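Morning, everyone. I'll walk through one structure today, element by element. Please have the viewer open.

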Amino acid sequence: MSTATTTATPLRARPAWRALEEHYEAIRTSHLRTLFADDPGRGERLVAEGAGLYLDYSKNGVTDETIALLVRLAEECGLAERTEAMFRGERINVSENRSVLHVALRMPKSESLVVDGVDVVAEVHDVLDRMAEFANRIRSGQWKGHTGKPIRNVINIGIGGSDLGPVMAYEALRHYSQRDLTFRFVSNVDSTDFAEATRDLAAEETLFIVSSKTFTTLETMTNARTAREWAIAVLGDESAIAKHFVAVSTNAEEVSKFGIDTDNMFGFWDWVGGRYSMDSAIGLSTMLAIGPEGFRELLAGFHEMDIHFRTTPHARNLPVLIGLLAIWYGDFFGAQTVGVMPYCQYLKRFPAYLQQLTMESNGKHVTLDGRMVDYQTGAVYWGEPGTNGQHSFYQLIHQGTELIPIDLIGFGRTLNPIRDHHDLLMSNVFAQAEALAFGKTEEQVRAEGTAEAVVPHRVFEGNRPSNVILAEKLTPHTLGALVALYEHSVFTQGTIWGIDSFDQWGVELGKALAQRIIPELESQAEPELHHDSSTNALIRRYRAMR
């Protein structure tokens, strides 16, 4: 089945979709208590494993038939063919006529992938080698700032994909970082972000990484110019910029104009989307923190999950299964959000990272050929680390009226063994999954001696779905596999929905309007306003407040 053929039939007209609609009506009232009672072995059977990750999806409202139908849907939608098209470098980002090759960022140096006559893997490793040489110089103290002092502070300036990935990776891998280096991240154009990031740092020991593909992104370049002024105010010489700034960009002219030596510019390619770029040169701050070897281990984890996704049958394929379950709950049960709860403090920024990966990718309302969809696409992804979330929003997940599927992520071993903390932490992973699935009946509540008037308040309906994802411990390799797991899950969902998961036109309109409004806010004279009455009034109110 060709990719062109798979886009011809509307999704809801596909035989597998029709079969899933009928199956949903037959199974939608089935309770997990019954599914487990009727099939005691499902907890050992409805699992999958790959790239060092173990997935237990048995506590979902599915049967073997459900999974078979969902897999058939994936096949009817051409998932295998579109996967191969991505790995071959075909231009599957149709609205921008681009290849989608984040998978090439983590291919080993021994491999080759020729796209438009260029071996992109060789180009990737040229950049990685330059990054490694630079990272070693910074980490060893060989690189000296303008006054001869080594770099002790690194500030990454970016936004979106050039910020969320590096921040998440640094926090996730802080255990492996070089502790005599301080890392900060500035993304918000709110001046507070920059002020607080630099307040206690010495300019003589600070390096800025300015991450912007075009070197024209408004928020990033506003912060970069402020950083430039901050450094020069202390160092007193514009030539100091070359020793305290490097760029991750493709625009050599603008980088040079800024004062950065283009020898210290690390490039990437238009086939790398921002939210898929943390393993490109955008990850320079990650490499500085954990070292080139640690970064290579991260890439190896990505690559192992890439191989698993590309080669494993869909019924045992981790990203495919997670993507199919998201389709099942979103399009058939009407769930509008997915919770991701890592039981690991190092992964505290992982849900925020996933928000961009999932919502910018699949927040689309038209298909690849421009037709309006008549089904639900991307869900809202959110979450917090356990056990914190249990004392804030789990109440709604357990007893609220919304159906919220969640992913619980845990590790067999902690990186910081103290007393019985980790056993206590992991007991909560298993307990929450069990409580969500099976709940507590009226009979059970009464048997505890609960007063009749209180019984309804203490009943847990259960039948709330969850996946449990386990790994031995959090390492750079594990993090790479975990991120790739969700990347390919997003791809799976987008393929079934028939949408372009790799453009992001939805961010453009607000940016364009902001450019129009900026001079209206800054004008010394009262500007003539041509917005709607609300926007005009807000602009006038802001000018009066200034």
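Let me start with one residue. Asn463 is partly exposed, with a relative accessible area of 24%. The cut-offs are these: buried is under 20% relative accessible area, exposed is over 50%, and partly exposed is in between, with a 1.4 Å probe and protein chains only. Asn463 sits in the loop between helix 19 (455-458) and strand 13. Its phi is positive, about 60°, although Asn463 is not a glycine.

Two ground rules. This is a predicted model: local features need pLDDT of at least 70, side-chain atom pairs count only at pLDDT 80 or more, and totals for chains, interfaces and linings use all residues. Residues are numbered from 1 along each chain as its sequence is written, and side-chain values use heavy atoms, with hydrogens and water left out.

Helices and strands are DSSP runs numbered from the N terminus: helices are H or I with at least four residues, strands are E with at least two.

Two more backbone oddities. Asn97 also has a positive phi, near 50°, in a residue other than glycine. Asn97 lies in the loop between helix 6 (79-88) and strand 3 (114-115). Then there is a cis peptide bond, from Gly386 to Thr387, with omega near 10°. Thr387 is in the loop between strand 11 and helix 16 (394-399).

Now the sheets. Strands count as paired if DSSP finds at least two bridges between them. One open sheet has six strands, in the order 1-2-13-12-10-11, with mixed pairing. Which strands stand at the edges? Strand 1 (47-50) and strand 11 (380-382) do; each has a single partner strand, so one side of each lacks a neighbour in the sheet. On average, neighbouring strands of this sheet are turned by 15° against each other, direction ignored. Inside it, strand 12 (residues 406-411) and strand 13 (residues 466-471) run parallel, joined by six bridges. Asp407 stands opposite Asn467 in strand 13.

Stay with Asn467, because Tyr57 touches it. Tyr57 is in the loop between strand 2 (53-56) and helix 5. Buried or exposed? Tyr57 counts as buried, at 3% relative accessibility. Contact means heavy atoms within 4.5 Å. Beyond four places in sequence, the contacts of Tyr57 include Leu46, Val62, Ala315 and Leu325. Here is the long-range link: Tyr57 and Pro465 are 408 residues apart in sequence, yet 8.7 Å apart in space, C-alpha to C-alpha.

The other open sheet has five strands, in the order 6-5-7-8-9, and its pairing is parallel. Strand 6 (182-186) and strand 9 (265-266) are at the edges, each with a single partner strand, so one side of each is left without a neighbour. Strand 5 (residues 153-157) pairs with strand 6 in the parallel sense, over five bridges. Asn153 is opposite Thr182 in strand 6, and Asn156 is opposite Phe185. Helix 8 (residues 161-172) packs on this sheet, touching strand 5, strand 6 and strand 7 (206-211). The direction of helix 8 makes about 150° with that of strand 6. Axes here are lines fitted to C-alpha atoms, for helices over the stretch in contact, and angles run from 0 to 180 degrees between N-to-C directions.

How enclosed is strand 5? Five of its five residues are buried, so strand 5 is largely enclosed by the rest of the structure. Both faces are covered: Asn153, Ile155 and Ile157 on one side, Val154 and Asn156 on the other.

Next, helix packing. The axes of helix 2 (residues 15-27) and helix 5 (residues 64-76) come within 9 Å and cross at roughly 160°. That makes the two helices roughly antiparallel, a label for angles over 145 degrees. Among the residues that meet are Trp17 and Leu20 in helix 2, and Leu69 and Leu73 in helix 5.

Helix 13 (residues 284-311) packs with helix 20 (residues 476-497) at about 40°, axes 7 Å apart. Residues that meet include Gly294 and Leu298 in helix 13, and Leu479 and Gly480 in helix 20.

Last stop: Leu479. Leaving aside neighbours within four places in sequence, Leu479 is in contact with residues including Met168, Ala169, Leu298 and Leu347. Thanks, that's the tour.

Notes
Parallel < 35°, antiparallel > 145°, perpendicular 65-115°, else oblique.
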